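Work through the exercises below with the sequence and the structure at hand. Each task is followed by a solution in steps.

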Amino acid sequence: MLRLGPGWTLDVACSVRNDYGHTWSYAHFNDGSRRYWGWIYDASLQGGGAGSYC
């Protein structure tokens, strides 16, 4: 699990809604040595996730 602390930025590209009505955002994070991409459940994101759909 990757947990971002204060001062780190997560770039959120877009979101999708699943069959249960939950939205997931596709996000990118670069820690300076590695890049991380993946889907994150919007309820886990401050601000509710992406503003646009994929």
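**Exercise 1. The nonpolar patch**

Which strand gives the most residues to the nonpolar surface patch?

Solution. The model is a predicted one. Begin with the members: V16, W24, Y26, W37, W39 and Y41 make a nonpolar surface patch of about 580 Å². Next, assign elements: β2 and β3 (35-41) are the elements that give two or more residues to this patch. The largest share is that of β3, with 3 residues.

**Exercise 2. The pairing of β1 and β2**

Determine how strands β1 and β2 run relative to each other, and which residue of β2 stands opposite V16.

Solution. Strand β1 covers residues 11-17 and strand β2 residues 23-30. The two run antiparallel and are joined by 6 bridges. Across the pair, V16 faces W24 of β2. Between the strands, the hairpin has 5 residues, and G21 there takes a positive phi near 85 degrees.

**Exercise 3. Two accessibility classes**

Classify W24 and C14 as buried, partly exposed or exposed.

Solution. Take W24, in strand β2. Its relative accessibility is 33%, so W24 counts as partly exposed, because that class lies between 20% and 50%. Now take C14, in strand β1. C14 has 16% relative accessibility and therefore counts as buried, the limit being under 20%. Finally, list the contacts of C14, leaving aside neighbours within four places in sequence: among them are W24, Y26, W39 and C54.

Technical notes. Residues numbered from 1 in each chain as written. Predicted model: local features only at pLDDT ≥ 70, side-chain atom pairs only at ≥ 80, totals over all residues. Heavy atoms only, no water. Pairing = 2+ DSSP bridges. Helix = DSSP H or I, 4+ residues; strand = E, 2+ residues; numbered from the N terminus. Patch = residues over 30% accessible without salt bridge, like charges linked within 9 Å, V, L, I, M, F, W, Y side chains within 5 Å. Areas by Shrake-Rupley, 256 points an atom, 1.4 Å probe, with all protein chains shown as cover. Salt bridge = Lys/Arg side-chain N within 4 Å of Asp/Glu carboxyl O. Buried < 20%, exposed > 50% of the residue type's maximum accessible area, 1.4 Å probe, protein only. Contact = heavy atoms within 4.5 Å.
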